[in-house]
Amino acid sequence: MKRAAGAGITTAVLVATAVGCGSIDGLLPGGGGQELEGQTVTVAGVWTDAEQHNFQKVLDAFSAKTGAKVKFVSTGDDFSKVVGSKIAGGNAPDVAMVPQVGVLLQFARKGWLMPLSLRVGTTVAAHYAPIWRSYGTVSRIYYGLYVKATDKSTVWYRTDAFARADVRPPKTFDEMVKVAKTLNESGLGGFAVGGRDGWTLTDWFENIYLSQAGPDKYDKLARHDVKWTDPTVVTALTTFGKLFTQDGVVAGGAGASLKTDFPTSVRRVFGDDAGASMVYEGDFVGAVVSGDLKKKVGEDAKMFHFPPVAGGKAPFVGGGDAAVVLRAGKNRKAAMKLVEYLATPEAATVWAKQGGFLSPNRGVKPEAYHDPTTRALAAALIKAGDGVRFDMSDQAPAAFGGTAGAGEWKILQDFLLTPTDAEGTAKKLEDAASDAYRD
């Protein structure tokens, strides 16, 4: 499954002059009126807890502007199955916030998606780097607006734990392992790993792989032009597995990790009953820290960039959620109005003020972000432009890279139980990938 951009980007550039440097207000649905009064838009997405609460603020702003009511439904991690079953049952949401490129491709090729409006295209052309439109484009048709981006190359840590152990953010992967051991010796474990959620394990692997193997190999593996039995995969799995075979690096080892979901892994670092000092995950950790745990990002919690591995370059793995309009939805007109609003700097600014959010929209002013740490992350994302490598598992077919209890998620969870069998795990990954990419 390969994405196609081409003419989709060209079209956006040609119509960019419709926006130019003028006010974006003319693109807002209804021009500030109440044209959708009495209508309801249903939105489905994976978010829960703090992330769902923060997104609701954006939906509330849309409601205030247009008069529409917006209902959010959380799908959990089985996004494609839940949305697919709702479509089959005649209860499709109007808008879906697709968390993976591979799922967007799947939905588009099944004919489930509406092409986005010209108004969305003009806004994106004015405010986004072209790479973000390309990830939402299938066979030259623009289906998915990336409204939320993530920097998945961040490691978050307790500042008091680092101070007590007298350690500083590491510059290399090997140094990071040593820091974890030192933190453990000081009385608080190294990493909390949310292995119960398989997607966290794919993120670990992708950062290691991108740094060790380089961007060209990364792109080829993402397209399955390179097999998962390639020596570069075995090397990355070996590096990953060593984290769980060294005392003190991962708090509780593989057993505890497989019982820990992502939110819990963050709580185990920044909660009042902390058992670890660091947690690797994306910038959205900040939303849990400041929202659920009521701690201060930049004071109680800080982050450092995922360090380079074995002499490679520091990785920059990104991700994102794309808003799509479903053909089977009951209110497609209002749904498209919502997506048009989500494309604007105004909507992204509402979200940015809540924390735990990054926007690929260049129109968002730096001061809109919740704290200096998030502000710096947003600036790095915008600066990276087309150089960001999108989350590999998100580019894969959902059966391989986006399904709980199956494919890459399950195989990497099993790997934690025997983290020395890198070659056997690589073969299992290749077998699963071959089946998924063939379908």
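In the predicted model, helix α11 (residues 231–242) packs against helix α20 (residues 407–417) at an angle of about 55°, and the axes of the two helices lie 10 Å apart. Helices α11 and α20 are therefore oblique to each other. The crossing in which α11 passes α20 is right-handed. On the side of α11, the contact is formed by L237, F240 and G241, and on the side of α20 by L412, F415 and L416. By class, the residues of this contact of α11 with α20 comprise five nonpolar, one polar and no charged.

A second helix pair is formed by helix α2 (residues 49–66) and helix α16 (residues 345–352), whose axes come within 8 Å and cross at roughly 140°. Angles over 145 degrees count as roughly antiparallel, and the angle of roughly 140° makes α2 oblique to α16. Helix α2 likewise passes α16 in a right-handed crossing. From α2, the residues N54, F55, K57, V58, A61 and K65 take part, and these meet E346, A347, V350 and W351 of α16. The contact of α2 with α16 includes charged residues, the division being six nonpolar, one polar and three charged.

Attention now turns to the nonpolar interior. The largest nonpolar core has 90 residues, of which F55, L145 and F270 touch the most other members. Helix α15 (residues 332–342) gives the most to this core, contributing seven residues. F55, one of these three core residues, is also among the α2 residues that meet α16. For L145, when residues up to four places away in sequence are not counted, the residues touched are L116, V120, V124, Y128, D321, A322, A323, V339, L342 and A343. A second core, separate from the largest, consists of 55 residues, including V193, A236, A254 and A422.

Strand β7 (145–151) is followed by a loop that leads to β8 (154–158), and K152 is placed in this loop. The relative accessibility of K152 is 8%; because residues under 20% relative accessible area are classed as buried, K152 counts as buried. Apart from its neighbours within four places in sequence, K152 is in contact with D203, N207, Y280, G282, F284, V317, G318, D391 and D394. The lysine K152 thus has among its contacts the aspartates D203, D391 and D394, as well as the residues Y280 and F284.

Conventions:
Residues are numbered from 1 along each chain as its sequence is written. This is a predicted model: local features need pLDDT of at least 70, side-chain atom pairs count only at pLDDT 80 or more; totals for chains, interfaces and linings use all residues. Side-chain values use heavy atoms; hydrogens and water are left out. Axes are lines fitted to C-alpha atoms, for helices over the stretch in contact, and angles run from 0 to 180 degrees between N-to-C directions. Helices (H or I, at least four residues) and strands (E, at least two) are DSSP runs, numbered from the N terminus. Angles under 35 degrees count as roughly parallel, over 145 as roughly antiparallel, 65 to 115 as roughly perpendicular and the rest as oblique. A crossing is left-handed if the near helix is turned anticlockwise from the far one by less than a right angle, and right-handed if clockwise. Contact means heavy atoms within 4.5 Å. Ala, Val, Leu, Ile, Met, Phe, Trp, Tyr, Cys and Pro count as nonpolar, Asp, Glu, Lys and Arg as charged, and the others, Gly among them, as polar. A nonpolar core is a set of buried Ala, Val, Leu, Ile, Met, Phe, Trp, Tyr and Cys residues joined through side-chain atoms within 4.5 Å. Buried means under 20% relative accessible area, exposed over 50%, partly exposed in between (1.4 Å probe, protein chains only).
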